[in-house]
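Hi there,

Here is the structure I promised to pass on. Have a look at it first, and then read on for my notes.

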Amino acid sequence: MAGFVGIRTDSWLAGFYSPESLVQPASEPLCMSRGDSFSQSGLGDQGFDGDPLVKTVHQAANPKFIYIEYPIPADELDLLAQAAAHRAPFRRPGDGKASEKAPELPVIKVGPAAIPPILNGVGFDGAPLGYGFRGGAAKAVPAVDSGFALPGPPAATLAVHAEDLCIERHPDSGSVILSWRPRGTDREFSAAEERDFERVANGLLGDLISGLGDPGLPQAKDDAARIVMRDTVAMQMRVDQTAANQPAGKEEVVPTDRCLYLRQTMAVRYQGHDIPILGEGGESFFGRCPAGGSPRPSPVPGPDAASNVCQRTDESLVSFVYNDRAYQGTRESATQKTRVTAENEAKAELERSIPPLAADYELKSFRWGYRAAPAHCKQEEMYLVYQFDFLPRPKSRFSGYPPVTIEVPAHDLGGKKRIEETWTCSLEEPAP
């Protein structure tokens, strides 16, 4: 999801979060930074790639705080989480364990996703943006449904304007990206103002969630082949802060919950089986971030401010990424590997590509499903794959290291070795 959400660390963490992860996301910090305030740490600084964490020289050597960011399970009573769960149920820890044997399955023919009904008429004829996407400021604004808003009176002066909505579409995949970057958000806000931002963000995202059309929930195990909703993963970003001069074991941690993210996955319904679609291209993504917490650069000045909304560096308060593939039929694969065959290939690949790890890593889990291409890639067929997770053996020299995942195609790829070789992906285009 890199580039789709405001803070880059969030992009990375949200992409890898899973309730059944081998590394427990609620207890393992996944990103650390230092600074004199949250806005001057790498977690909150948009320019942390090349700028120092603390701007002044005399502070750089002794920052006041240490920050750790990681995802935790979101509050399922949150209005947006409930709206998402209405389309697809929450994924619980331990859900979705793969059976030992995949049934005989065909290659799935797919085409670009249709534009979500709620965005019909918006228009995507703007300038080229990046990775094959076109777009710019929205030509129309989806109506904000107060049914998803927070309780209380509506915001008196806050509204969603077309010039503050960046909307993009990739014609070859059909993927849509929408983000709300309201201008004038480069200052501190009162609690009432932050609540107004959250109310409007809830309304905008609530409309997008409810306006995606028939979710095709798998309520009956019928034989009709199609692509259906699978589940919802809900996560909240947490930032823990502690003073840098505290001795180990005596830290006083101050936790702060930040952005809420909802990831909805898809599945292929085939002869009564719901086979998960793996990869970024098989997910839709919703994000809501607080208006406070880090300063934002001033908006792009001058008459081009509206057309340049997609190039603004303001943090997105709303992020929406719609990925789907249109089902167009099936064809038989020349061969389909068994799990045992695929597992042996994965072990051989581990030993061949990373020899030092082979003796110290062991297989801990696996999954199988259809593999979807990323949002910026054209895909005509989805193939079945196995993914194997290897973890260090207890007390090995790599103890504590992260898992290594190896993917093995189960279907015949027509002479190609990797799934990625069957896609046509757009190169990044420079901003106009």
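Below is what I found, going from the whole chain to single residues.

Please keep in mind throughout that this is a predicted model.

**The chain as a whole**

The protein chain holds six helices and 19 strands. Of its 432 residues, 49% are buried. Sequence-distant contacts are well represented: among contacts between residues at least 6 apart in sequence, 76% join residues at least 24 apart.

**Helix H3**

Which residues of helix H3 (residues 79-87) are buried? They are Leu80, Ala81, Ala83, Ala84 and Arg87. These residues lie on the same side of H3, because they cover an arc of only 160° around the axis. As a general point, an α-helix has 3.6 residues a turn, so residues three or four places apart point the same way. The partners of the buried residues of H3 are helix H4 (191-210) and three strands, E8 (226-243), E9 (254-270) and E11 (283-288). At the start of H3, Asp78 places a side-chain oxygen within 2.8 Å of the backbone nitrogen of Leu80.

**Ser284 and the second largest cavity**

Strand E11, one of the elements that H3 packs against, contains Ser284. With a relative accessible area of 3%, Ser284 is buried. Its side chain reaches the backbone oxygen of Asn323 at 3.4 Å. Leaving aside neighbours within four places in sequence, Ser284 is in contact with Leu262, Arg263, Gln264, Val321, Tyr322 and Asn323.

Asn323 turns up again in the lining of a cavity. Searching the whole structure gives two cavities of 30 Å³ or more, and the second largest has a volume of about 30 Å³. That cavity is lined by Met266, Ile277, Gly281, Gly282, Asn323, Asp324, Arg325 and Met382. By class, these lining residues are three nonpolar, three polar and two charged.

**Ala375 and His170**

Ala375 sits in the loop between strand E14 (361-371) and strand E15 (377-378). Is Ala375 buried or exposed? Ala375 is buried, as its relative accessible area is 1%. Apart from neighbours within four places in sequence, Ala375 is in contact with Phe133, His170, Ser173, Ser175, Glu280 and Asn323. Ala375 and Asp324 are 51 residues apart in sequence, with 8.9 Å between them in space, C-alpha to C-alpha.

His170, one of the contacts of Ala375, belongs to the loop between strand E6 (165-169) and strand E7 (176-180). His170 is buried too, with a relative accessible area of 1%. The side chains of His170 and Ser426 make a polar contact at 2.8 Å. Beyond neighbours within four places in sequence, the residues in contact with His170 include Tyr131, Gly132, Phe133, Ser175, His376 and Cys377.

**Two positive phi angles**

Most residues other than glycine have a negative phi. Tyr131, which is in contact with His170, has a positive phi of about 55° although it is not a glycine. Tyr131 is found in the loop between strand E4 (128-130) and strand E5 (133-137), and is partly exposed, with a relative accessible area of 37%.

Lys395 also has a positive phi, of about 65°, and is not a glycine. You will find Lys395 in the loop between strand E17 (384-392) and E18. Lys395 counts as exposed, at 83% relative accessibility.

**The second largest pocket**

Strand E18 (404-409) and helix H5 (339-353) each supply at least two residues of the lining of the second largest pocket. The space in this pocket is about 430 Å³. Its lining has 19 residues, and those nearest the centre are Glu407, Val408, Pro409, Lys417 and Arg418. What is the make-up of the lining by class? There are 11 charged, six nonpolar and two polar residues.

**Glu332**

Lastly, Glu332 lies in the loop between strand E13 (325-331) and H5. Glu332 counts as exposed, at 59% relative accessibility. The C-alpha atoms of Glu332 and Val107 are separated by 6.0 Å, while the two residues are 225 residues apart along the chain.

Happy to go through any of this with you.

Best wishes

Note on methods. Residues are numbered from 1 along each chain as its sequence is written. This is a predicted model: local features need pLDDT of at least 70, side-chain atom pairs count only at pLDDT 80 or more; totals for chains, interfaces and linings use all residues. Side-chain values use heavy atoms; hydrogens and water are left out. On a 1 Å grid over the protein atoms alone, a cavity is a set of points where a 1.4 Å probe fits but cannot get out, and a pocket is an open set with protein on both sides within 12 Å along at least five of seven lines; lining residues have an atom within 4 Å of a point. Grid points are joined across faces, edges and corners, and a volume is the space filled by probe spheres set on the points. Helices (H or I, at least four residues) and strands (E, at least two) are DSSP runs, numbered from the N terminus. Ala, Val, Leu, Ile, Met, Phe, Trp, Tyr, Cys and Pro count as nonpolar, Asp, Glu, Lys and Arg as charged, and the others, Gly among them, as polar. Buried means under 20% relative accessible area, exposed over 50%, partly exposed in between (1.4 Å probe, protein chains only). The arc is that of the directions from the helix axis to the C-beta atoms. Contact means heavy atoms within 4.5 Å. A polar contact is a pair of N or O atoms within 3.5 Å; within protein, one must be able to donate a hydrogen and the other to accept it, and residues adjacent in sequence count only if both atoms are side-chain atoms.
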